[in-house]
Amino acid sequence: MKILIADDHALFRDGLTMHLEKIVPESTISQAANFSQMFKLLSDDNKIDFVFFDFEMPDVSWQDAIDNLKKISPDTAFAIISGSEDNRTIKALLSSGAKGYIPKRSDIKVLNNALRLILDGGTYVPPNLIENSALNGVNGKNSGIKNLTYRQSQVLDLIAQGKSNKQIAFDMGVSESTVKLHINALLRSLRVNNRTQAVITAQKLGII
């Protein structure tokens, strides 16, 4: 796997490189200090699989940066690692196609779990950044989604942290088969088909 890290802080790029090398030791990782360098590296190598970047780099607006990334390398997936905690901006970034948003203030365990989830094809959204809208939909109308049980809520929180079934089973003190049962019940309650949709739907409803 070829990964590109774009961030205007060299120490952060080096630190993230070390984390990614442990998670995907077979990967090739390159670095860019700004969007312009990111575009050049993507143009020079159209086989980069994934880009992690800080959307607040000053040389290009993030909207233009994402549009340009998609034009230069449409098959390259991307996720954001940044310091902003503005919900509206985060939702806009995710709507633009980002595979996840990781706050720079995340602790090491959350960072590693989020990176694993994203690289495994999931989407990481920090649950603590989602507006608390209780269980109601727009204009206070009930969404029709059933209330979750305690265990379902517990599983949902752990999924949102990017944890695998094995890690969830360990944290809850149950077997992996029991975790799968809870996840299946959770998906039915939220009327979704997979873990990523469960997290996104729960965040929209203010459950997490």
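## Exercises on a predicted model

Of the 22 residues in the largest nonpolar core, the ones touching the most other members are M38, V51, F53, F78 and I80. Such a core is a set of buried Ala, Val, Leu, Ile, Met, Phe, Trp, Tyr and Cys residues joined through side-chain atoms within 4.5 Å. Buried means under 20% relative accessible area, exposed over 50%, and partly exposed in between, with a 1.4 Å probe and protein chains only.

Some ground rules: this is a predicted model, where local features need pLDDT of at least 70 and side-chain atom pairs count only at pLDDT 80 or more, while totals for chains, interfaces and linings use all residues. Residues are numbered from 1 along each chain as its sequence is written, and side-chain values use heavy atoms, with hydrogens and water left out.

**Exercise 1. Find which elements give two or more residues to this core, and what M38 touches.**

Step 1. The elements are β1 (2-6), α2 (35-44), β3 (50-53), α3 (62-72), β4 (77-82) and α4 (87-95). Helices (H or I, at least four residues) and strands (E, at least two) are DSSP runs, numbered from the N terminus.

Step 2. Now skip the neighbours of M38 within four places in sequence: M38 is then in contact with L4, A6, A32, V51, F53 and L69. Contact means heavy atoms within 4.5 Å.

**Exercise 2. Work out how β1 sits among its partner strands.**

Step 1. Start with cover: four of the five residues of β1 are buried.

Step 2. Look at β2 (residues 28-32), which pairs with β1 in the parallel sense over five bridges. Two strands pair if DSSP finds at least two bridges between them. Here I3 stands opposite I29 in β2.

Step 3. Trace the link: the chain goes from β1 through helix α1 (residues 10-23) to β2, a right-handed β-α-β crossover. Right-handed means that, with the strands pointing away from the viewer, the path from the first strand over the helix to the second runs clockwise.

Step 4. Turn to β3, which runs parallel to β1 and is joined to it by four bridges. I5 stands opposite F52 in β3.

**Exercise 3. Check the span of α8, then see what follows this helix.**

Step 1. The expected span of a helix is 1.5 Å times one less than its number of residues. For the 15 residues of α8 that gives 21 Å, and the end C-alpha atoms are 21 Å apart, so the two agree.

Step 2. Which way does α8 pack? Its buried residues, among them V179, I183 and L187, pack against α6 (150-160), α7 (165-172) and α9. R188, also in α8, counts as exposed because its relative accessibility is 60%.

Step 3. Just after α8 comes R191, with a positive phi of about 60°, although R191 is not a glycine. Most residues other than glycine have a negative phi. R191 lies in the loop between α8 (176-190) and α9 (195-205).

**Exercise 4. Decide where the predictor is confident.**

Step 1. Take the whole chain: the mean pLDDT is 86, and 88% of the residues reach 70 or more. pLDDT is the predictor's confidence in each residue, from 0 to 100.

Step 2. Compare elements: β3 has the highest mean pLDDT (98) and α9 the lowest (82).

Step 3. Spot the weak stretch: over residues 130-144 the pLDDT is below 50, though beyond near neighbours in sequence this stretch has 25 contacts in the model.
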